[in-house]
Amino acid sequence: MIQPSVTHPIVAAATDVRASLKAVADANPTFMSVDDKAVALRELVAAESQLAELRLRVLGDAGDLAEQAAAKDAAGWLAHHTRTRFADARADLHLAHALDRERPRLAAAMREGAVTLAQAHVIHRVLGALPEVVDADTVARAEVHLVAQAAEFGPKELGRIGRRILDVVAPDIAEAAEAARLADLEAHAADQTRLTMRRLGDGTTRISSRVPDASATRLATYLEAFTSPRVDRPQDDRDAPGAPQVAPGPLATAHDPVARLAYPKRMGQALIQLLETLDPTRLPLHGGDATTVVVTIDFETLKTDLAAADLIGAGLVPGDDLTGDRLSAAQARRLACTAKILPVVLGGDSLPLDLGRTRRLFSPAQRKAMLVRDRTCRAEGCDVPGTWCEAHHLDPWHTGGRTDITDGALLCSHHHHRIHDHAFRTDRLANGDFRFHRRR
C-alpha cells in the first residue's frame, strides 16, 4: 500500500497563510476603526518580517534546488521562477547565509517579527563593514545593540547609528578604527574623482561627475538653496542653460606633471576647488539665512590625528546610508583654513544664542545652533532636512515665551501648521521629538 506523502510543516504553514489571506480578500478596510487600522498595520508588518525570515531560511538551504534546475545558485532560481529582481534575490541569499551562520540574534528577531527585512539588510551591512581588527565578541555586542535599536528606528536611522556603533560597544578602539576607515575612504575618493561633459545634440549637455562624499554634500547643500520648496523664484531663473563645452587641455609633458592627469580628473579637482571657494553669501537664502555647510568637531579632538568631524548639509544625496557625511580631522583642519564653511566648535567669534524677550524671531545664529542640534524636523518620524524647516517657539512669544534655543525647535512647514492647529494635541517625547494626536 502506498503511504500518503507527509506535508512538511513549512509548506503547510505557507498554505495556511495564503488560505487566511484569501479569507479576507474581500474585506473592506473602510469600515475599520482608527485603532483597528493601527493594530492591523503593525501586525501585518510583523507578519511580513516573520514570513521574510522563513523565506530566507528556505532560500539559504536551497542550493540543491538550484543544482537540480542547473541554476547558477538559489538566487538565480528564485529570480527566474518568482519574477523578482535578480539583484534583490542575490542580496536576500547573502543575508540568508549570514543569518544562518553569523547573525543568530538578528535571525531570532526577524523570527519574532521584531525586525523587518529592510532593517535586517542594514544591520547586516553595518556589521559587515566593521574593520577586520574588531573581534567577534565586539561584533556580537554590536549586533545585540542594533537589534534592540530596531524596535525604535527604521533602516535609514539604523544606518546612521551603525556608522557610530563602535562608539557604543567598543569606545576604546572606536576613534582609531574610524580614523583609519576615513583615511582609506578619502584616499579612494581622491583617486576616483572625475568630471566629464558631453553635448547630447538637443541643446543640452550631460555633466557626469564623481567626487568625494563631503564635496557632494557641499554641492547638494548649495543646489538645494535653489530647489528648496520654500523658495519662490521667477520662471526665468529655473531654466539655467547647459554648461559650455570646454576643450581638453594640452597633452602631458615632462615639464608639466599636472597635465599628465586625465582631463576628467582635472575637471573633477577644479569642481572641488570651485565648491571650496564659492561664497555662500552670494547664494539665495536657505532656511532664512545664508546657505552654509556646517562642520562640527570638538576643539580638543580637532588637534589629534585620530579624530572625525560631522558635516551637516543637504542630507538628501541618495545612495549608501552607511557612508554618511563624516570627514577626518585633517580634512576638517584644511577646510577650516580654505573653505567657506561654518565651524561650530572650531573657534571663531561667539554669537549670542539666548535673546530672551529682546527679539520675537530667532536669529540666524540661533537657527544654525538648532540645525546642529536637531538636524531634521523634530516631529516624530519626519526626516525633512533642518535647512527646510521653520523655528518654532515651544512657549509662544506672545504669551511671554523667550527667543532662546532651549525654547525653540525646528519643524517643517506641515508640522509647524499642525502644532498650531487646535485639532491636534502634541506630546514631547523623551528624545525631544513631538508626537501628534488628533483630538477626539
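The protein has 17 helices and ten strands in this predicted model. Of its 440 residues, 35% count as buried. The average pLDDT is 79, and 71% of the residues reach a score of at least 70. Among contacts between residues at least 6 apart in sequence, 59% join residues at least 24 apart.

**Confidence and surface**

- Residues 229-259 have a pLDDT under 50 throughout, and the model gives this stretch 34 contacts beyond four places in sequence.
- Residues 345-352 likewise have a pLDDT below 50, with eleven contacts beyond near neighbours in sequence.
- Where pLDDT is low, the predicted coordinates should not be read in detail.
- The exposed surface of the protein amounts to about 26,700 Å², of which carbon and sulfur atoms supply 56%.

**Nonpolar cores**

- The largest nonpolar core comprises 37 residues, and Val115, Leu130, Ile165 and Leu166 touch the most other members.
- Helices α2, α4, α5, α6, α7, α8, α10 (165-169) and α11 (171-192) each contribute at least two residues to this core.
- Another core, of 14 residues, lies apart from the largest one and includes Ala379, Ile405, Leu410 and Phe434.
- Leucine 166, one of the residues of the largest core with the most contacts to other members, is in contact with Leu130, Pro131, Val134, Thr138, Pro171, Ala174 and Ala177, its neighbours within four places in sequence being left aside.

**Helix α6 and its cover**

- In helix α6 (residues 104-111), the buried residues are Leu106, Ala107, Ala109 and Met110.
- These residues lie on the same side of α6, because they cover an arc of only 160 degrees around the axis.
- The elements that cover the buried residues of α6 include α2, α5 (86-101), α7 (117-128) and α8 (136-149).
- Glycine 113 follows α6 and has a positive phi, near 80 degrees.

**Serine 49 in helix α2**

- Serine 49 belongs to helix α2, which spans residues 34-60.
- Serine 49 counts as buried because its relative accessibility is 3%, below the 20% cut-off.
- The side chain of serine 49 reaches the backbone oxygen of valine 115 at 3.3 Å; Val115 is also one of the members of the largest nonpolar core that touch the most others.
- Beyond its neighbours within four places in sequence, serine 49 is in contact with Met110, Gly113, Val115, Thr116 and Leu117. Among these contacts, Met110 is one of the buried residues of α6, and Gly113 is the glycine that follows this helix.

**Positive phi outside glycine**

- Alanine 70 has a positive phi of about 65 degrees, although it is not a glycine. Alanine 70 lies in the loop between α3 (63-68) and α4 (74-82).
- Alanine 70 counts as exposed because its relative accessibility is 72%, above the 50% cut-off.
- Arginine 375, also a residue other than glycine, has a positive phi near 70 degrees. The position of arginine 375 is in the loop between α16 (364-374) and β7 (390-393).
- Arginine 375 is partly exposed, because its relative accessible area is 37%, a value between the cut-offs of 20% and 50%.

Conventions. Residues are numbered from 1 along each chain as its sequence is written. Side-chain values use heavy atoms; hydrogens and water are left out. pLDDT is the predictor's confidence in each residue, from 0 to 100. Contact means heavy atoms within 4.5 Å. Helices (H or I, at least four residues) and strands (E, at least two) are DSSP runs, numbered from the N terminus. Buried means under 20% relative accessible area, exposed over 50%, partly exposed in between (1.4 Å probe, protein chains only). A polar contact is a pair of N or O atoms within 3.5 Å; within protein, one must be able to donate a hydrogen and the other to accept it, and residues adjacent in sequence count only if both atoms are side-chain atoms. The arc is that of the directions from the helix axis to the C-beta atoms. Accessible areas come from the Shrake-Rupley method with a 1.4 Å probe; for residues, only the protein chains shown count as cover. A nonpolar core is a set of buried Ala, Val, Leu, Ile, Met, Phe, Trp, Tyr and Cys residues joined through side-chain atoms within 4.5 Å.
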